[in-house]
Amino acid sequence: MFKSGFVAILGKPNVGKSTLLNLLIGEKIAIVSHKPQATRKSVKGILNGEDYQIIFVDTPGVHESAKKLNQVMKKYIDEALEDFDLAVVMTDNNGELDEVLEEYLNKIKEKNKKAILVINKIDLMNKEQIKDIKSKFTSIADFEEILEVSLTNQPDAKEKILEAILKLLPEGPRYYEDDIISTETERFIIAEIIREKIMNSVGQEIPYHIAVTVEEFKYREEKNLYYIKANIIVERRAHKMIIIGSGGKKIKEIGKQARLEIENFLKSKVYLELWVKIKEHWTKKEALIKEYIDPRF
Ligand SMILES: Nc1nc2c(ncn2[C@@H]2O[C@H](COP(=O)(O)OP(=O)(O)OP(=O)(O)O)[C@@H](O)[C@H]2O)c(=O)[nH]1
Ligand SMILES: [Mg+2]
């Protein structure tokens, strides 16, 4: 019997959803940050086995907020919950459970879909804390299985989670060719790698006000490398100054880190050119959100 399906990964910001996606796929396709709300749009990763194909959908973690960008992020979760076969609900040592997450848990129930609860980051918790989180979640939703793991500190976490998923996955077709691991474009992944490097190298607030667009992406035969030109969009002049840093030091470091990872991703030498552009209040303007994040929303 061939098993397949769409597995939605849901949870509050920073619990480790993108870490899980990357671990399951075995390649880094989603960005990871110690800062919350790293993921902005859903990222699909495909895992092919002898007798199964799982399409994981990593969703953005969101807080309740009226902000436009947050509303767009929520649309990705709604979309992931339109059509899915199994939900992996994740939480961490914060055990946060608010109305937004509760709404999604209700939706899973309404749709008669099964869910697995993954309690992540047990390396930061004691038994008592784990027990409390477990009872908090099980008091409002049903889970077929509850797993306590540490994605970063436990070698068999991946196997445990995969095994639980395969047990619950329905019979189904191979939806995608078996040689692709993601439906995301190279351009998107490159922009995300750059955004991750910025997120992880500047202060608290700025990451939520930046977008990255890849303007040019071409292979230069004569030089044997990819030429990539990307724009870093910020909302304010002050943010631009911080990203550039004194004497251009900061942007140089961001560029170097991003280039190394893009080279690894493309398996080729890369020449990366970064430009910082100011677009005032872009996170509040629908047309600009469409342009930088997703034209569909
Ligand atoms: N201590 C510890 N940290 C972890 C573990 N798993 C993930 N992390 C860290 O948690 C942080 C958040 O991980 P992400 O995968 O970006 O979380 P996310 O749920 O995708 O976050 P959003 O995209 O913001 O919703 C990163 O710094 C990870 O390295 C774990 O088992 N233990
Ligand atoms: Mg994420």
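1. The shell around ligand 1 is a good place to start in this predicted model. Its residues split into twelve polar, seven nonpolar and three charged. In total, 22 residues surround the ligand, and the closest are Lys17, Thr19, Gln37, Ala38 and Thr39.

2. Next, have a look at the polar atoms facing ligand 1. A polar backbone atom of Asn14 sits 2.9 Å from an oxygen atom of the ligand. The side chain of Asn120 places a polar atom 3.1 Å from an oxygen atom of ligand 1. For Thr152, an N or O atom of the side chain is 3.0 Å from a nitrogen atom of the ligand. Ligand 1 taken alone exposes 660 Å², of which the protein buries 88%.

3. Which residues coordinate the magnesium ion? Ser18, through OG, and Thr39, through OG1, do so at 1.9 to 2.1 Å. Ser18 belongs to helix α1 (residues 17-25), while Thr39 is in the loop between α1 and β2 (43-48), so the pair ties together parts that are 21 residues apart in sequence.

4. Are these two residues buried or exposed? Ser18 has a relative accessible area of 7%, so it is buried, the cut-off being under 20%. Thr39 counts as buried too, at 8% relative accessibility.

5. Finally, you may like to find Asn106, which is part of helix α3 (residues 99-110). Asn106 counts as partly exposed because its relative accessibility is 37%, a value between the 20% and 50% limits. Asn106 and Ile140 are 34 residues apart in sequence, yet their C-alpha atoms are 8.8 Å apart in space.

Technical notes: Residues numbered from 1 in each chain as written. Chains lettered and ligands numbered in written order. Predicted model: local features only at pLDDT ≥ 70, side-chain atom pairs only at ≥ 80, totals over all residues. Heavy atoms only, no water. Near = heavy atom within 4 Å. Polar contact = N/O pair within 3.5 Å; in protein donor to acceptor, adjacent residues only side chain to side chain. Areas by Shrake-Rupley, 256 points an atom, 1.4 Å probe, with all protein chains shown as cover. Nonpolar A, V, L, I, M, F, W, Y, C, P; charged D, E, K, R; others polar. Helix = DSSP H or I, 4+ residues; strand = E, 2+ residues; numbered from the N terminus. Buried < 20%, exposed > 50% of the residue type's maximum accessible area, 1.4 Å probe, protein only. Donors = N, O, S within 2.8 Å, 3.2 Å for Na, K, Ca; no water.
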